[in-house]
Amino acid sequence: MLSGFLETIKNGACNVIRGDKVCEVRVVMLGARGAGKSSMLTAMYERFRQSKMSSDYDKHISINGDEATNNVMKSQYDALCKMANSDGDITNAIKPSTGERTYKYTISDDTKSGEDSRIVVSFTDYPGGWLTDNHRSHVKEMIKEAHVLLVAIDAPYLMEEGGDYNNKRNMSEEFTKLIEEAWRDSTDVRRMVLLVPIKCERYCKSNEEKKCLVRRVKKAYSEFIEELKDNQNYCGVFIVPIETTGTIHFKQFSEKPADGIPLKQFSEKPAEYIPLSVFESTRKPGHDGYAPRNCSQPLRFVFSYALSALIQQDQKGVRGALINVFNINRHFKNALQNIAGGCSGEVLNPMCKRGN
């Protein structure tokens, strides 16, 4: 998997360097309001941070947020755990974002100090409603500046009722238009796009069911995927399902109010409604209900992008910390390679196209 990333990135510039020494990768999370972007980021961060690496290199790599990020992640993590261990019908555990928020993480080598032993990754989350209101142009600018797009797909609306609610809920057509507009005049950056089905525990109980989920993503997002293939900024597209709790499964769509649940929820288009998704816990008695699966995968892909970009620029003779990272601090380089080598996902035509 890692070698494929290296080949795709080498074919074009990856402008991930900020300042003289620190590499920063910008990730923008796309998704409808309440689709689960914040839950996904929380599970991804916590799962990776708490994981115990088996390699002598990996165990010395840490991921730390700034103070504001840590405070938000702690609150959202507590909400996820509470939801995963609750009984009865369940809706969203984390309230949808009401404003733009950027979470910054530093990935560093605990055995070293200095700028040549760390990478900064920033994740920008925004209210899903911004896609269709007067903030749309701002979201387009964020996409234009992003290195990695992480598209959250609310899986029940894709998988249930023949996928009839998918475009209303997950807005695949709107994303296609927005990305086309954002990348139309930008030809010097190669990017990565991760299509991430979430709330998909019900559809990942077996390998065959997971394959069905992947096929449904390919079919529903075929126009989106083709647009990315044709775009000269395209780096790679991957489908990466994650289970943010591991035990909360989709139960049904509901149009009946119960326990404070609204009758229906808005889609992103005014005056258009879609049913509310209701979930239930499948945790076993006496067991912790919070058991996420594959949640570190998106971050591993981001690492692979950063690593590939740095290697590509190092080979072009870029001076400064990049030379230190790959010629002096090989400990950090090897650790990142081990982490990125754990990527697992469905590859969709990963070969990069060069600009004219």
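Begin the tour by selecting K251, which is found in strand β9 (residues 248-254); strands here are DSSP runs of E with at least two residues, helices are runs of H or I with at least four, and both are numbered from the N terminus. The model is a predicted one, in which local features need pLDDT of at least 70 and side-chain atom pairs count only at pLDDT 80 or more, while totals for chains, interfaces and linings use all residues. Residues are numbered from 1 along each chain as its sequence is written, and side-chain values use heavy atoms, with hydrogens and water left out.

K251 has a relative accessible area of 33% and is therefore partly exposed, given that buried means under 20%, exposed means over 50% and partly exposed lies in between, with a 1.4 Å probe and protein chains only. Now display its surroundings: leaving aside neighbours within four places in sequence, K251 is in contact with D89, R202, V278, F279 and E280, where contact means heavy atoms within 4.5 Å. Between K251 and V278 the C-alpha to C-alpha distance is 5.6 Å, although the two are 27 residues apart in sequence.

Keep F279 selected and add Y157, Y165, F250 and F253, since these five residues form one aromatic cluster. Rings of Phe, Tyr and Trp (its six-membered ring) pair if their centres lie within 6.5 Å, and planes under 30 degrees apart count as stacked, over 60 as edge-to-face and the rest as tilted.

From Y157, move to N170, which lies in helix α6 (residues 166-170). N170 is buried, with a relative accessible area of 1%, and, not counting residues up to four places away in sequence, N170 touches A152, I153, D154, Y157, L158, F175 and Y221.

Next, consider the aromatic pairs, of which the count comes to nine by the ring rule. Select Y77 and Y290, whose ring centres are 5.5 Å apart and whose planes stand at 80°, so the pair is edge-to-face. Because Y77 lies in helix α3 (residues 67-84) and Y290 in the loop between β12 (276-281) and α10 (297-315), this pair ties together parts that are 213 residues apart in sequence. Y77 counts as buried at 18% relative accessibility, and Y290 counts as buried at 10%. Y221, already met as a residue that N170 touches, forms an edge-to-face aromatic pair with F224, with 6.2 Å centre to centre and 85° between the planes. Y221 is buried at 1% relative accessibility, and F224 is buried at 3%.

Return to α3 and show helix α2 (residues 37-50) with it: the two pack at an angle of about 100°, with their axes 9 Å apart. The axes are lines fitted to C-alpha atoms over the stretch in contact, and angles run from 0 to 180 degrees between N-to-C directions. With 65 to 115 degrees counting as roughly perpendicular, under 35 as roughly parallel, over 145 as roughly antiparallel and the rest as oblique, α2 and α3 are therefore roughly perpendicular to each other. To see the contact, select S38, S39, L41, T42, A43, Y45, E46 and Q50 of α2 together with N70, M73, Q76, Y77 and L80 of α3.

Finish with the cysteines. The structure holds zero disulfides, a disulfide being a pair of cysteine sulfur atoms within 2.5 Å. Select C204, which is buried with a relative accessible area of 13%; the closest cysteine sulfur to that of C204 is in C200, 3.7 Å away and so too far for a bond. C81, the last stop, counts as buried at 18% relative accessibility.
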